[in-house]
Amino acid sequence: MILPIEAYGTPVLKKEGKNITQDYPELDQFIANMWETMYEANGVGLAAPQVGVGIRLFVVDASPFAEGEELRDEEREQLIEFKKVFINPKLEESGEEWAFNEGCLSIPEVREDIYRQEEIHITYFDENFKEHKEFFTGLPARVIQHEYDHIEGILFTDKLSPLKKKLIKGKLNNIAKGNIQVDYKMRFPLASKKR
Ligand code: NI
């Protein structure tokens with residue numbers, strides 16, 4: 001089932017998600033819905049708060065990035081079959097910061113260069129509640145960091161300079177009000193009832 005994606009301004013996007021246990025109700029169905037919703041919107045990642053559920057879970061399929069021309073071999077290998085469910089993750093970052101032009105399904109039509117550290121160690125549970133400890137660098141790390149931020153209640157626009165924030169304020173207000181064209185299902189916090 002395709003779920004509506006919560007737009008910028010929705011309170012759940014600013015809240016820290018809660019850890020879940022293996023007996024979380026209808027977890028398999030929820031994960032299936034997350035995949036379906038993400039692919040419908042042509043996303044490479046989707047976090048539970050983006051569909052209005054405040055739990056520490058996100059899905060990533062970064063394989064579309066494996067086509068990129070400027071990738072190191074290590075990154076490309078990690079990206080080719082990169083389809084994973086992350087539950088209750090813990091993240092440690094290291095290395096130099098680098099910029100990448102990020103976007104977000106909750107913030108359509110806004111893209112900005114965001115600085116993040118290049119390496120991560122992540123501990124998480126998969127959809128079968130098997131624990132994993134993994135290392136990622138470059139683009140795969142980047143996608144995980146973006147989604148991880150979502151379950152911490154952080155959006156990429158929160159990382160912009162005060163000046164940049166000011167410049168895109170109008171755009172963000174329009175997103176919250178639903179005054180945008182978007183070709184996937186969304187829910188807008190400030191949409192007027194008439195729409
Ligand atoms: Ni996002």
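## Strand pairing at Tyr 124

Within strand S6, His 132 is the bridge partner of Tyr 124. The model is predicted: local features require pLDDT of at least 70 and side-chain atom pairs pLDDT 80 or more, whereas totals for chains, interfaces and linings use all residues. Residues are numbered from 1 along each chain as its sequence is written, and side-chain values use heavy atoms, with hydrogens and water left out.

Strands S5 and S6 run antiparallel and are joined by 7 bridges. Ile 120 stands opposite Phe 136 of S6. The two strands form a hairpin with 5 residues between them, and Phe 129 in the turn has a positive phi of about 60 degrees. Strands (E, at least two residues) and helices (H or I, at least four) are DSSP runs numbered from the N terminus, and two strands pair if DSSP finds at least two bridges between them.

## The five-stranded sheet

The hairpin strands belong to an open sheet of 5 strands, in the order S2-S3-S4-S5-S6, with antiparallel pairing. Strands S2 (45-47) and S6 (131-137) stand at the edges; each has a single partner strand, so one side of each is left without a neighbour in the sheet. From one strand to the next, the twist averages 30 degrees; axes are lines fitted to C-alpha atoms, and angles run from 0 to 180 degrees between N-to-C directions.

At one edge, S2 pairs with strand S3 (residues 57-61) in the antiparallel sense over 3 bridges, and Val 60 in S3 is the bridge partner of Gly 45. Strand S4 (residues 83-102) and strand S5 (residues 112-125) are antiparallel over 12 bridges. Here Trp 98 has Arg 116 of S5 as its bridge partner.

## Surroundings of Glu 6

Glu 6 is found in strand S1 (residues 5-6). Its relative accessibility is 5%, and Glu 6 therefore counts as buried (under 20% relative accessible area with a 1.4 Å probe, protein chains only; over 50% is exposed, and partly exposed lies in between). The side chains of Glu 6 and Arg 187 make a polar contact at 2.5 Å, a term for N or O atoms within 3.5 Å where one can donate a hydrogen and the other accept it; residues adjacent in sequence count only if both atoms are side-chain atoms.

Beyond neighbours within four places in sequence, Glu 6 is in contact with residues including Val 12, Leu 13, Pro 49, Ser 106 and Met 186. Contact means heavy atoms within 4.5 Å.

## Helix H2 and Gln 78

Gln 78 has its place in helix H2 (residues 73-80). Leaving aside neighbours within four places in sequence, Gln 78 is in contact with Phe 135, Phe 136, Thr 137 and Pro 140. The C-alpha atoms of Gln 78 and Asn 179, which are 101 residues apart along the chain, are separated by 38 Å.

## The largest pocket

The largest pocket holds about 410 Å³ of space. Of its 23 lining residues, the closest to the centre are Val 44, Gly 103, Cys 104, Leu 105 and Arg 111. S4 and helix H3 (138-151) are the elements that give two or more residues to the lining, and H3 gives the most, with 5 residues.

A pocket is an open set of points on a 1 Å grid over the protein atoms alone, where a 1.4 Å probe fits, with protein on both sides within 12 Å along at least five of seven lines; lining residues have an atom within 4 Å of a point. The volume is the space filled by probe spheres set on the points, which are joined across faces, edges and corners.
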